[in-house]
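Biologist: Before I rely on the descriptive terms used for this model, I should like to hear the reasoning behind them. Please set each term against its criterion.

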Amino acid sequence: MRCVTGRLMLLDTASLYFRAYFGVPDSVRAPDGTPVNAVRGLLDFIDRLVKDHRPDHLVACMDADWRPAWRVELIPSYKAHRVAAERPAGPDEEEVPDTLSPQVPVIEEVLDALGIARVGVPEYEADDVIGTYTARAGGPVDIVTGDRDLYQLVDDARGVRVLYPVKGVGTLQVTDEAFLREKYGVDGPGYADLALLRGDPSDGLPGVPGIGEKTAAKLLAQFGDLAGILAAADDPAAKLTPTQRRRLHEARPYLAVAPTVVRVAADVPLPDVDTALPHTPRDPAALGALTARWGLGGSLERLLATLSS
């Protein structure tokens with residue numbers, strides 16, 4: 001990975017194009033009638049983000065594997081409800097709306113023609129790519145995602161924050177440690193412990209039965225972290241209810257593996273790519289052809305003007 005010392009913006013790309021797809025009417029179509037609402041919506045998102053936050057570096061982080069086998073091996077229910085088709089070799093097929101799937105390759109081609117770094121690594125999710133870039137960054141980091149799991153990376157001391165779209169991308173929740181402590185009672189690393197204790201049905205994580213978000217936050221405030229909670233469960237003098245102690249003991253097998261599944265990786269083998277924000281397109285001819293083919297119109301024009309300014 002090249003040295004990144006300016007402001008780095010990391011896009012959880014799938015999270016953003018899903019939001020674009022559902023936020024922009026499917027009446028937005030290419031000249032041949034194909035929906036391009038996710039493509040144009042994502043371009044509008046990026047335009048607004050660059051305008052408002054002026055990153056020096058920008059990486060569109062991709063899910064090369066949205067359900068890595070090493071996570072599934074530890075927790076078989078991980079994202080299982082989102083599998084459209086199992087594949088014996090390579091990632092399972094994720095359930096994606098019919099009119100969104102054909103737009104994803106277009107998004108990738110447009111990003112490449114623009115010269116915006118697009119990084120996905122086999123056997124890892126975009127979250128893991130984001131986690132590794134964040135760990136290695138030499139300057140402040142803005143993570144743009146609609147996935148609260150990435151709150152675990154928030155770190156005021158290093159200038160790492162999450163920009164969470166509340167409504168489109170025009171209204172962003174700037175998530176820092178003050179926000180996490182006020183809403184959840186934890187810091188960034190504490191959010192990962194909170195998430196695995198409470199569980200997350202959208203990711204197929206069972207959590208500890210009977211321990212919801214408020215109880216998890218209370219236990220973390222009382223005992224510090226997951227290790228402290230487990231030590232308390234083994235300590236007869238610790239202030240846990242009999243029910244909490246029993247449930248924590250019963251959940252030991254899950255709690256032994258959940259941290260590996262829930263915490264994003266920080267050691268992904270990243271490719272050597274130029275992450276600098278482009279000011280001119282890398283491939284103007286390809287971009288021109290894509291614009292004509294897909295009718296990218298004002299969305300692309302606005303982004304190009306913003307990148308060049």
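**Reasoning from values to terms**

Modeller: Let us begin with the sheet: β1 and β2 run parallel and are joined by 5 bridges. Please bear in mind that the model is predicted.

Biologist: What makes β1 and β2 a pair?

Modeller: Two strands pair if at least two bridges are found between them. The 5 bridges from β1 to β2 satisfy that criterion, and D12 stands opposite C61 in β2. By the same criterion, β2 also pairs with β5, in parallel, through 3 bridges. There A60 stands opposite R118 in β5.

Biologist: Why is the pairing in the sheet of 6 strands called mixed?

Modeller: Strands of a sheet pair either parallel or antiparallel. In the order β5-β2-β1-β6-β7-β8, β1 and β2 run parallel, whereas β7 and β8 pair in the antiparallel sense over 5 bridges. In that antiparallel pair, P165 stands opposite L172 in β8. The pairing is accordingly described as mixed.

Biologist: What makes β5 and β8 the edge strands?

Modeller: Each of them pairs on one side only. From one strand to the next, the twist of the sheet averages 25°.

Biologist: How do you know that β2 is largely enclosed?

Modeller: A residue is buried when its relative accessible area is under 20%. In β2, 5 of the 5 residues are buried, so the strand is largely enclosed by the rest of the structure. H57, V59 and C61 point one way, L58 and A60 the other, and all are buried.

Biologist: Why is α5 called mostly covered?

Modeller: Of its 11 residues, 9 are buried; among them are D127, D128, V129 and Y133. The elements that cover the buried residues of α5 include β1, β2, α3, β5, β6 and β7.

Biologist: Why is R54 called partly exposed, and E123 exposed?

Modeller: The cut-offs are under 20% for buried and over 50% for exposed, with partly exposed in between. R54 has 45% relative accessibility, and therefore counts as partly exposed. E123 has a relative accessible area of 53%, and is therefore exposed. R54 is found in the loop between α2 and β2, and has a positive phi of about 45° although it is not a glycine. E123 lies in the loop between β5 and α5, and its phi is near 75°, also a positive value in a residue other than glycine.

Biologist: How do you know that α8 and α9 are roughly perpendicular?

Modeller: Angles of 65 to 115 degrees count as roughly perpendicular. Helices α8 and α9 pack at an angle of about 85°, with their axes 8 Å apart; they are therefore roughly perpendicular to each other.

Biologist: Which residues meet where α8 contacts α9?

Modeller: L219, L220 and F223 in α8 meet L226, G228, I229 and A232 in α9. These divide into 6 nonpolar, 1 polar and no charged residues. Gly counts as polar, which places G228 in the polar class.

Biologist: What makes L255 notable in the largest nonpolar core?

Modeller: That core has 61 residues, and L255 is listed with L10, I143 and L197 as having the most contacts inside it. Helix α7 gives the most to this core, with 6 residues. L255 touches L196, L197, V208, L226, L230 and L248, not counting residues up to four places away in sequence. Another core, of 40 residues, lies apart and includes V39, V110, L277 and L296.

Methods. Residues numbered from 1 in each chain as written. Predicted model: local features only at pLDDT ≥ 70, side-chain atom pairs only at ≥ 80, totals over all residues. Heavy atoms only, no water. Axes fitted to C-alpha atoms, helices over the stretch in contact; angles between N-to-C directions. Helix = DSSP H or I, 4+ residues; strand = E, 2+ residues; numbered from the N terminus. Parallel < 35°, antiparallel > 145°, perpendicular 65-115°, else oblique. Contact = heavy atoms within 4.5 Å. Core = buried A, V, L, I, M, F, W, Y, C linked by side-chain atoms within 4.5 Å. Buried < 20%, exposed > 50% of the residue type's maximum accessible area, 1.4 Å probe, protein only.
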